[in-house]
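Hi,

Here is the structure I said I would pass on. Have a look at it first, and my notes follow underneath.

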Amino acid sequence: TAPPLPSSFMAPPRLIHSAPGLLDTCSQIPPPPSPPPPAVAAKMSGPTTDTPAAIQICRIMRPDDANVAGNVHGGTILKMIEEAGVIISTRHCNSQNGERCVAALARVERTDFLSPMCIGEVAHVSAEITYTSKHSVEVQVHVLSENILTGTKKLTNKATLWYVPLSLKNVDKVLEVPPIVYLRQEQEEEGRKRYEAQKLERMETKWRNGDIVQPILNPEPNTVSYSQSSLIHLVGPSDCTLHGFVHGGVTMKLMDEVAGIVAARHCKTNIVTASVDAINFHDKIRKGCVITISGRMTFTSNKSMEIEVLVDADPVVDNSQKRYRAASAFFTYVSLNQEGKPLPVPQLVPETEDEKKRFEEGKGRYLQMKAKRQGHTEPQP
């Protein structure tokens, strides 16, 4: 009989956070700090040591995660980002005694793809709660890729997500969020400004909810109609949470696939996701719905393409509800040659007044982001 293992081998890991389908390659989170004195703990209303304010999930990138260019599919990374966000926000929203809930994704702020991730590398997705309002949670996520042969790590993505807690008894009921404790007063003030800004932007996107992508016969090359594409998907159990609603990450991955098709049709080359502008989730998508993900080109610069993606849900098994707009976003893609170098993009030719208006709006977003990057002093990886 083998001798008993030392007690150090028997000790369970402190905190390992994963999600369904992730391989057991998770790295351990540093041990939580010592609990505060009772007098201090009584005043704390944020997460306790049992509900950490930061988590990390990891998994190795497999061949079925690859895009056509051989790198990890942008939609796969978006899905992992959302998985980390929903874990930490749901845990926090259930950290106090009260009605149980599940966190639903409401919005994803602009997400930049700073560096490509390769097959065989390990993705480290770290999520942290940075602000809470009465009914929402802000989660900031960083993605690192690790070459396990050399140990080299690089930052590939940064994202900010907003979640709202929905009651398990009534998914149309939004519950209150337990507040967190801020180390500095400035953190709360900065978070409140971000909250008000995203709330205003969400309201501004609602006017687009009646907009529909219509197919055109025999379109000319380089026009909006030539590259616009749609994907129809029946929502099944594997797409949904335990409560019968589509995972936000599943929706984002489908949106990225459609945007990629539009970009490839327009420039006829390899393409990669460069960034995702704010993704707004306007309504929940239930199991059994048929969703239509539509994409169309809105703007081109010399080396980038902006694609608007709209998600419409049709509850075919429920005659009482009509087709509705579930989500919308703008994706930015770049064209690459066989060596992975940027290529010039064929210029978009808007034809109708609506297309010309969307082109000017896209140009405004492009110039605004370009100015913001030029004024950004933090070194990029």
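**Notes on two helices and two loops**

Lys-268 sits in the loop that runs between helix 6 and strand 8 (270–276). Bear in mind as you read that this is a predicted model. What caught my eye at Lys-268 is the backbone: phi is near 60°, a positive value in a residue other than glycine. That positive phi comes just after helix 6. The residue is also exposed, with a relative accessible area of 60%, which is over the 50% cut-off for that label.

Asn-222 is another one to click on. Its phi is near 70°, again a positive value in a residue that is not glycine. You'll find Asn-222 in the loop between helix 4 (185–205) and helix 5 (224–227). With 27% relative accessibility, Asn-222 counts as partly exposed, because that label covers the range between 20% and 50%.

Now back to helix 6 itself, which covers residues 248–267 and packs with helix 3, residues 74–93. How far apart are the axes of helix 3 and helix 6, and at what angle do they pack? The axes are 8 Å apart and the angle is about 165°. That makes helix 3 roughly antiparallel to helix 6, since angles over 145 degrees fall in that class. The crossing of helix 3 past helix 6 is right-handed.

As for who touches whom, helix 3 contributes Gly-74, Gly-75, Thr-76, Leu-78, Lys-79 and Glu-82. From helix 6 come Gly-248, Gly-249, Val-250, Met-252, Lys-253 and Asp-256. By residue class, this contact splits into 3 nonpolar, 5 polar and 4 charged, with Gly counted among the polar ones.

I also checked the lengths of both helices. Helix 3 has 20 residues, which should span 28 Å at 1.5 Å a residue; its end C-alpha atoms are 29 Å apart, so the two values agree. Helix 6 also has 20 residues, and from its first C-alpha to its last it reaches 29 Å, close to the expected 28 Å.

Last point: are these helices buried or exposed? In helix 3, 18 of the 20 residues are buried, so the rest of the structure largely encloses it. Helix 6 is mostly covered, with 15 of its 20 residues buried.

Cheers

Note on methods:
Residues numbered from 1 in each chain as written. Predicted model: local features only at pLDDT ≥ 70, side-chain atom pairs only at ≥ 80, totals over all residues. Heavy atoms only, no water. Axes fitted to C-alpha atoms, helices over the stretch in contact; angles between N-to-C directions. Helix = DSSP H or I, 4+ residues; strand = E, 2+ residues; numbered from the N terminus. Parallel < 35°, antiparallel > 145°, perpendicular 65-115°, else oblique. Left-handed = near helix turned anticlockwise from the far one by under 90°. Contact = heavy atoms within 4.5 Å. Expected span 1.5 Å × (residues − 1). Buried < 20%, exposed > 50% of the residue type's maximum accessible area, 1.4 Å probe, protein only.
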